[in-house]
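Biologist: Take me through this model one feature at a time. For each feature, give the general idea and then the case at hand.

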Amino acid sequence: MGNMAGMTIDATAVAEGLLGTVPFARTLGIRFTEITVDADGVRAVATLPDDPAVHNHVGGPHAGAMFSLGETASGAIVLAAFGDQLHRATPLAVRAGIAYQKLAMGVVSATATLSRPPADVVAELDAGQRPEFEVNVVIANAEGITTGELAITWTLRPNR
């Protein structure tokens, strides 16, 4: 559990909520090892098991599974940072880009971080805007070597 500017989150509730509403993430076996909101920002870490059901032709995690891992970690960031805004806005992924850098083998993890202070995003929402913000994700193998990076742009679409 973390606290930033008076905001407290229940990391277990965020993880369970996301995995409960996104069946595909459960199908892949994604698990969260960390979700924090504190003075250092918002961060989520998720893992993808080394499961032959999600392997590619060379025995590592399929590119689509790695993308889904990163997108899922970014979704946890959005829920952790803006879960208290869901009564008035719907979070939506707008665009994403991924760079696969090294062959990934075994268990991989995705570490997602929010690029802007949540208060800045909420201030735009308060001003009647539809804010956009980026979540950056680093995918690494069990040795900590980066195998890919994602940048996912999200928006908070005001509910009308």
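Biologist: Which residues does Gln-129 touch, not counting residues up to four places away in sequence?

Modeller: A contact means heavy atoms within 4.5 Å. With residues up to four places away left out, Gln-129 touches Glu-124 and Pro-158. This is a predicted model, in which local features need pLDDT of at least 70 and side-chain atom pairs count only at pLDDT 80 or more, while totals for chains, interfaces and linings use all residues. Residues are numbered from 1 along each chain as its sequence is written, and side-chain values use heavy atoms, with hydrogens and water left out.

Biologist: Where does Gln-129 lie?

Modeller: Helices (H or I, at least four residues) and strands (E, at least two) are DSSP runs, numbered from the N terminus. Gln-129 sits in the loop between helix H4 (118-126) and strand E7, and E7 covers residues 132-141.

Biologist: Is Gln-129 buried or exposed?

Modeller: Buried means under 20% relative accessible area and exposed over 50%, with partly exposed in between (1.4 Å probe, protein chains only). Gln-129 has a relative accessible area of 41%, so it counts as partly exposed. Distance along the chain is a separate matter from distance in space. Gln-129 and Val-108 are 21 residues apart along the chain, and their C-alpha atoms are separated by 37 Å.

Biologist: What is the distance in space between Ile-145 and Gln-129?

Modeller: These two residues are 39 Å apart, C-alpha to C-alpha, with 16 residues of sequence separation. Ile-145 belongs to the loop between E7 and E8. Its relative accessible area is 39%, so Ile-145 is partly exposed. Outside its neighbours within four places in sequence, Ile-145 is in contact with Lys-102, Ile-139 and Ala-140.

Biologist: How do E7 and E8 pair, and over how many bridges?

Modeller: Two strands pair if DSSP finds at least two bridges between them. E7 and strand E8 (residues 146-158) are antiparallel, with 9 bridges. One of the bridge partnerships sets Val-138 against Glu-149 in E8. The two strands form a hairpin with 4 residues between them, and Gly-144 in the turn has a positive phi of about 85°.

Biologist: Which residue in E7 is the bridge partner of Thr-111?

Modeller: That partner is Val-138. Val-138 thus has a bridge partner in E8 as well, Glu-149. Strand E6 pairs with E7 in the antiparallel sense over 7 bridges, and Thr-113 is matched there with Asn-136.

Biologist: How many residues of E6 are buried?

Modeller: E6 spans residues 108-114, and 5 of its 7 residues are buried, so this strand is largely enclosed by the rest of the structure. Strand E4 (residues 41-48) also joins E6, running antiparallel to it through 6 bridges.

Biologist: Which residue in E6 is the bridge partner of Ala-44?

Modeller: It is Ala-112. Ala-44 is in strand E4, and its relative accessible area of 0% makes it buried. Beyond its neighbours within four places in sequence, Ala-44 has contacts that include Glu-34, Ile-35, Ala-73, Ile-77 and Ala-110. Thr-111 is 67 residues from Ala-44 along the chain, yet their C-alpha atoms are separated by 5.7 Å.

Biologist: How many bridges pair E3 with E4?

Modeller: Strand E3 (residues 31-38) pairs with E4 over 7 bridges, again antiparallel. Arg-31 stands opposite Thr-47 in E4. E3 and E4 form a hairpin with 2 residues between them.

Biologist: What pattern does the chain follow along the sequence?

Modeller: The order is β-β-α-α-β-β-α-β-β-α-β-β, which comes to 4 helices and 8 strands. The radius of gyration is 16 Å, close to the 15 Å that the globule rule gives for 160 residues, so the chain is as compact as a globular protein of that length. That radius is taken over C-alpha atoms, and the rule is 2.2 Å times the number of residues to the power 0.38. Along its principal axes, the C-alpha trace spans about 50 × 30 × 25 Å.

Biologist: What percentage of the residues in the chain is buried?

Modeller: Buried residues make up 43% of the 160. Among contacts between residues at least 6 apart in sequence, 67% join residues at least 24 apart.
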